[in-house]
Amino acid sequence: MEPVPYSLYLHIPFCHHRCAYCDFNTYAGMENLITAYCAALIREISQVAGSAVDKLPVHTIFFGGGTPSLLPLIWVEQILETINHCYSLVPETEITLEANPGTVDGDYLRGLHNLGINRLSLGVQSANPDELRLLEREHDYFAVIEAVHLARNAGFDNLNLDLIFGLPYQELDTWEKSVNLTLDLSPDHFSLYALTLESGTPMKHWTDRGLLPEPDADLAAEMYEWAAERLDQAGYQQYEISNWARRTTDNVYRACRHNLQYWRALPYLGFGAGAHGFAAGVRTANILSPRAYIQRMEKSAHRQFPRSSATANLIEVDQQAEMGELMMMGLRLTNDGVSANQFKTHFGESLSDVYGKEIEQLVRQKLLEWVPFEDGLHLRLTPYARLLGNQVFAAFI
Ligand code: SF4
């Protein structure tokens with residue numbers, strides 16, 4: 001049997017400015033660390049590859065952040081060269097880089113494309129100037145139009161646009177306008193996220209103090225349902241709670257293969273400050289601070305796979321935990337859900353033996369449904385349950 005190919009996630013924890021709602025592991029004003037950070041990243045990529053028994057096959061690479069488009073091309077090149085040298089890239093490996101409109105120009109995008117980056121993910125968030133200001137995004141919608149135009153000219157034919165809904169003061173018609181305007185840009189993929197107010201963020205602080213209204217959950221649900229219908233009409237098929245993709249003219253479905261790896265609970269390695277990984281039955285999490293990460297990787301020594309000198313936390317995943325995680329992640333896939341046969345093959349126990357009672361109850365509540373596929377029955381969320389995912393997932397963990 002062919003070994004399951006891995007996915008690689010590379011975290012770039014630098015931003016020009018920290019947006020008001022952001023709780024990612026990212027830092028403003030630390031761009032002077034980029035060179036040392038990239039050198040550390042290269043050491044970690046090599047260190048983990050060196051501790052694996054074989055040269056691992058890789059089929060997706062994702063530069064996430066933060067703002068990966070702050071990386072100079074020379075470092076993107078050196079990182080990709082290291083990966084190419086240490087891992088065995090399958091033909092047509094998907095290589096995504098997240099970029100913020102306003103941080104990229106034509107030369108930079110052409111450079112990325114020439115280096116092999118073949119998927120670009122742009123953080124648009126909204127087309128409305130007031131909403132962008134509230135989020136403290138540094139770009140306006142003209143910068144989005146320009147970035148899409150430059151990306152297409154640079155050769156990118158696989159583009160994702162991220163949007164956020166459920167903002168304080170946002171109205172259904174401003175949301176509709178954002179979706180319609182971005183549809184005009186004809187990307188291959190959309191990610192639509194509901195705003196969550198995370199503690200420690202300025203936006204949470206403002207709402208707690210009454211300086212900003214709480215987002216309206218019912219209105220956010222209406223926005224989600226409207227967008228799902230609108231994207232469906234426009235030819236995009238939903239495949240995950242927050243993700244839609246369409247087919248190209250040569251019938252390639254442009255779902256994000258990297259994120260599918262997470263949702264199918266397949267192995268991935270995470271490199272960089274705060275990056276997470278899952279491989280060989282363990283979950284790893286790296287140290288959060290970029291400075292501490294750089295220091296740790298200076299003392300690079302042999303570690304047992306998939307650990308690195310930057311690993312700060314490690315959890316061994318037993319079969320029961322893995323089953324729970326597979327349910328939680330797999331049920332996010334709105335079309336495929338979880339295949340009963342694949343579950344049985346992987347764990348040696350059937351879905352009904354392990355979760356019979358929970359499934360029966362959730363099916364009775366019309367939150368889950370069994371659907372016939374070529375390889376047998378799949379269990380998935382009902383359309384009604386797509387906004388109630390957390391309630392369903394809780395039954396399995
Ligand atoms: S650009 Fe993205 S990662 Fe950076 S602060 Fe804003 S939301 Fe966070």
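This report describes salt bridges and the surroundings of one serine in the structure shown above.

**Salt bridges within helices**

The structure is a predicted model. Side chains of opposite charge can pair when their charged atoms come close. In this model, the count comes to 11 salt bridges. Three of these pairs, each with both partners in one helix, are set out in the table.

| Salt bridge | N to O distance | Helix | Separation in sequence |
|---|---|---|---|
| arginine 110 and aspartate 107 | 2.7 Å | α3 (residues 106-115) | 3 residues |
| aspartate 130 and arginine 133 | 3.0 Å | α4 (residues 129-135) | 3 residues |
| lysine 204 and aspartate 208 | 3.1 Å | α7 (residues 202-208) | 4 residues |

The position of the partners along each helix deserves attention. In helix α3, arginine 110 and aspartate 107 are separated by about one helical turn, because they stand 3 residues apart. Their side chains meet in a salt bridge, with 2.7 Å from N to O. Aspartate 130 and arginine 133 are likewise 3 residues apart, so about one helical turn of α4 separates them. In helix α7, lysine 204 and aspartate 208 are 4 residues apart, which means a separation of about one helical turn.

The accessibility of several of these residues can also be stated. Aspartate 107 has a relative accessible area of 54% and is therefore exposed, the cut-off being over 50%. Its partner, arginine 110, counts as partly exposed at 39% relative accessibility. Arginine 133 is exposed, with a relative accessible area of 57%. For lysine 204 the relative accessible area is 23%, and this residue is partly exposed.

Beyond such pairs, salt bridges can be linked to one another. Asp157, Asp188, Arg246 and Arg254 are joined into one network by salt bridges that share partners.

**The surroundings of serine 309**

Where does serine 309 lie? Serine 309 belongs to the loop between α10 (290-298) and β14 (311-316). Is serine 309 buried or exposed? With a relative accessible area of 4%, serine 309 is buried, because buried means under 20%.

Two other residues help to place serine 309. The side chain of serine 309 is joined to that of glutamine 47 by a polar contact of 2.8 Å. Tyrosine 293 is 16 residues from serine 309 in sequence, and the two residues are 8.6 Å apart in space, from C-alpha to C-alpha. Thus serine 309 is a buried residue in a loop, with a side-chain polar contact to glutamine 47.

Methods: Residues numbered from 1 in each chain as written. Predicted model: local features only at pLDDT ≥ 70, side-chain atom pairs only at ≥ 80, totals over all residues. Heavy atoms only, no water. Helix = DSSP H or I, 4+ residues; strand = E, 2+ residues; numbered from the N terminus. Buried < 20%, exposed > 50% of the residue type's maximum accessible area, 1.4 Å probe, protein only. Polar contact = N/O pair within 3.5 Å; in protein donor to acceptor, adjacent residues only side chain to side chain.
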